[in-house]
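Visitor: I'm new to this structure and would like a close look at one part of it. Could you pick a spot, walk me through it, and then show me how it sits in the rest?

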Amino acid sequence: MKRQTALSCAAVLFTVTAVAHGAAEPTPAERAVGYRQAVFHVIAGNFGPMAGMVKGEIPFDAKAFALRAERVAFLSTLPLEGFIPDSRVGKTEAKQEIWDNMDDFKAKMETFQTEAAKLAEAAKTASAVDALKPQFGKVGQACKDCHDKYKED
């Protein structure tokens, strides 16, 4: 149910934005791009404060960290469906290599999902940020591995 709600919210947000800007009805490929960009934006919005806690730039708040980790774990399951065939259209940072190497891309997305789920689980009981740093690093590395190969600079 959470997944369906997130999908609906992303679709509504993208449609409202397009209509507000006077755009014609988006194509399925354009909707896919907007969807995945919205999901990645929300992931970054949750990942950033956790990174600040890990780096000591903001005070560690175990409850807030756990909530954000849970969100990232859930959100990590969503982007792949936004990479439909022929959806490298408009303003996107997705490289063509995604579609040329879809099996590898999917494997990298699955690694991200796995590591994010482990972080969310660890964050449920952690009382200190040091206990979360190693797993947080694995999530960050999963992001980097995919970005290095499949995202335009």
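Guide: Let's start at Arg31, which counts as partly exposed because its relative accessibility is 32%. Keep in mind that this is a predicted model. Arg31 forms a salt bridge with Glu25, and the closest N and O atoms of the pair are 3.3 Å apart. Glu25 comes out as exposed, since its relative accessibility is 61% and the cut-off for exposed is over 50%.

Now for the wider setting. The protein has 6 helices and 0 strands, so reading from the N terminus you get α-α-α-α-α-α. Of its 153 residues, 36% count as buried. If you take the contacts between residues at least 6 apart in sequence, 73% of them join residues at least 24 apart. The accessible surface comes to about 8900 Å², with 57% of that belonging to carbon and sulfur atoms.

Back to the part we started with. Helix H2 covers residues 28-55, and some of its neighbours show up around Ser87. Ser87 itself sits in the loop between helix H3 (62-75) and helix H4 (97-100). At 0% relative accessibility, Ser87 counts as buried, because buried means under 20%. Leaving out residues up to four places away in sequence, Ser87 touches Ala29, Ala32, Val33, Arg36, Gly82 and Trp99.

Hold on to Arg36, because that name comes up again at the largest pocket. The space in this pocket is about 590 Å³. It is lined by 22 residues, and the closest to its centre are Arg36, Phe40, Glu93, His147 and Lys151. Helices H2, H5 and H6 are the elements that give two or more residues to the lining. The largest share is that of H2, with 6 residues. Sorted by kind, the lining has 14 nonpolar residues, 3 polar ones and 5 charged ones. How is a space like this found? Rolling a probe the size of a water molecule over the atoms shows where empty space is left.

The salt bridge we began with has company, as the structure holds 8 salt bridges. Another one links Lys108 and Asp104, with the closest N and O atoms 3.7 Å apart. Both residues lie in helix H5, 4 residues apart, which is about one turn of the helix. Lys108 is partly exposed at 21% relative accessibility, and Asp104 is partly exposed too, at 27%.

A further salt bridge brings together the side chains of Lys133 and Asp130, at 3.2 Å from N to O. Lys133 counts as partly exposed at 35% relative accessibility, whereas Asp130 is exposed, with a relative accessible area of 54%. There is also a small chain of shared partners: salt bridges join Asp104, Lys108 and Lys149 into one network.

One last stop is Ser127, in the loop between helix H5 (102-123) and helix H6 (133-150). Is Ser127 buried or exposed? Ser127 counts as exposed, because its relative accessibility is 68%. Along the chain, Ser127 and Asp61 are 66 residues apart, yet their C-alpha atoms are separated by 8.6 Å.

Notes. Residues are numbered from 1 along each chain as its sequence is written. This is a predicted model: local features need pLDDT of at least 70, side-chain atom pairs count only at pLDDT 80 or more; totals for chains, interfaces and linings use all residues. Side-chain values use heavy atoms; hydrogens and water are left out. Buried means under 20% relative accessible area, exposed over 50%, partly exposed in between (1.4 Å probe, protein chains only). Contact means heavy atoms within 4.5 Å. Accessible areas come from the Shrake-Rupley method with a 1.4 Å probe; for residues, only the protein chains shown count as cover. On a 1 Å grid over the protein atoms alone, a cavity is a set of points where a 1.4 Å probe fits but cannot get out, and a pocket is an open set with protein on both sides within 12 Å along at least five of seven lines; lining residues have an atom within 4 Å of a point. Grid points are joined across faces, edges and corners, and a volume is the space filled by probe spheres set on the points. Ala, Val, Leu, Ile, Met, Phe, Trp, Tyr, Cys and Pro count as nonpolar, Asp, Glu, Lys and Arg as charged, and the others, Gly among them, as polar. A salt bridge is a side-chain nitrogen of Lys or Arg within 4 Å of a carboxyl oxygen of Asp or Glu.
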